[in-house]
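Please read the following account with the model open beside it. It moves from the aromatic residues to a strand and then to a pocket.

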Amino acid sequence: MTPILFYGVPSGCSFGSIVALEWLGQPYRLCRIQMPEAVSGADFRRINPAAETPAYLSAAGDVITESMAILNHIGARGIAQGLGHPQGSRDFDRLNQMLAYLNTSFFNAFAPLWHVLEHDLEGAARTALAEYGRDKVEKTHATLDALLGDGPWLLGERRSVADAYFAGIARWADYHAVLDRRDYPNLSRLYDRLQADPAVAFAHGIEAGRAPASGGGYQGEIALADALALLPR
């Protein structure tokens with residue numbers, strides 16, 4: 001079976017998994033999940049009871065949820081390309097460490113800002129939560145900028161699934177207009193490099209509902225109802 005990635009729009013962190021699949025170059029399909037409507041519906045909860053994207057239906061028919069797990073699965077299939085590394089190796093530990101930082105500290109720094117955007121807060125509560133979120137985003141950007149240093153990619157000389165994940169989350173700083181990325185020159189350099197990458201341009205096109213040309217193994221979209229029919233009984 002051709003694997004299926006269930007990706008969330010608008011601006012889901014599943015963007016990074018699309019980029020990673022494009023870099024992998026092996027056949028895959030996509031299933032578009034509108035947030036918050038479809039992602040919280042009964043049909044998608046059959047895929048992921050937690051009602052979150054991304055989710056991934058593997059070639060073996062297994063459902064994988066959580067970005068870290070999905071990206072490590074893709075990385076294991078892309079060791080030859082440097083996207084991942086053998087478990088137990090030093091490079092695998094470094095990759096897992098970077099993914100963990102992106103998945104916890106960097107991702108979660110934006111949570112207060114998403115809460116402000118999605119809830120009807122007013123006055124002092126809104127101001128306090130927005131300032132708290134801004135402080136968290138600035139701190140995690142400064143930390144990641146230092147971790148990156150002057151290297152071309154998050155883990156050194158070769159891009160990995162960590163860079164793909166970063167591409168999907170880092171754009172939230174622009175979405176919330178919360179900082180000037182140029183204040184973090186190492187991250188700004190990496191972000192610009194990723195924006196020029198064909199796989200990132202492809203993921204932007206997919207999210208926008210266009211039909212961009214794939215440089216990887218994209219086999220087209222599949223409707224959620226059709227994907228559900230492929231689940232193991």
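In this predicted model, phenylalanine 202 is a convenient place to begin, because its relative accessible area of 1% falls under the 20% limit and the residue therefore counts as buried. Phenylalanine 202 belongs to helix H10, which covers residues 198-207, whereas tyrosine 218 belongs to strand S5, which covers residues 218-221, so the pair they form ties together parts that are 16 residues apart in sequence. The ring centres of phenylalanine 202 and tyrosine 218 are 5.2 Å apart and the planes stand at 70 degrees, which means that the pair is edge-to-face.

Tyrosine 218 also leads to leucine 30, a residue of strand S2 (residues 28-34). Setting aside sequence neighbours within four places, leucine 30 is in contact with Tyr218, and also with Ile4, Leu5, Tyr7, Ile18, Ile206, Gly220, Glu221 and Ile222. Leucine 30 counts as buried because its relative accessibility is 0%. By contrast with these contacts, the C-alpha atom of alanine 177, 147 residues away from leucine 30 along the chain, is separated from the C-alpha atom of leucine 30 by 29 Å.

The structure holds 10 aromatic pairs, and one of them is the edge-to-face pair of tryptophan 23 and tryptophan 153, with 6.5 Å from centre to centre and 80 degrees between the planes. Tryptophan 23 lies in helix H1 (residues 15-24) and tryptophan 153 in the loop between helix H6 (123-148) and helix H7 (161-170), so that this pair ties together parts 130 residues apart in sequence. Both tryptophans, 23 and 153, are buried. The ring of tryptophan 153 has a further partner in arginine 193, whose charged end sits over that ring, 5.3 Å from its centre. A similar arrangement involves arginine 181, whose charged end sits over the ring of tyrosine 191 at 3.6 Å from the ring centre.

One aromatic cluster is formed by Phe106, Phe107, Phe110, Trp114, Phe166, Trp172 and Tyr175, and some of these names return at the largest pocket, which holds about 780 Å³ of space. Of the 26 residues that line this pocket, the closest to its centre are Met35, Thr53, Phe107, Glu118 and Trp172. Helix H4 (90-108), helix H5 (111-118) and helix H8 (172-175) are the elements that give two or more residues to the lining, and H5 gives the most, with five residues. Sorted by class, the lining of the largest pocket consists of 14 nonpolar, nine polar and three charged residues.

Conventions. Residues numbered from 1 in each chain as written. Predicted model: local features only at pLDDT ≥ 70, side-chain atom pairs only at ≥ 80, totals over all residues. Heavy atoms only, no water. Helix = DSSP H or I, 4+ residues; strand = E, 2+ residues; numbered from the N terminus. Buried < 20%, exposed > 50% of the residue type's maximum accessible area, 1.4 Å probe, protein only. Contact = heavy atoms within 4.5 Å. Phe/Tyr/Trp six-rings, centres within 6.5 Å; stacked < 30°, edge-to-face > 60°. Lys NZ or Arg CZ within 6 Å of the ring centre and 35° of its normal. 1 Å grid on protein atoms, 1.4 Å probe; cavity = no way out; pocket = protein on both sides within 12 Å on 5 of 7 lines; lining within 4 Å. Points joined across faces, edges and corners; volume = space filled by probe spheres on them. Nonpolar A, V, L, I, M, F, W, Y, C, P; charged D, E, K, R; others polar.
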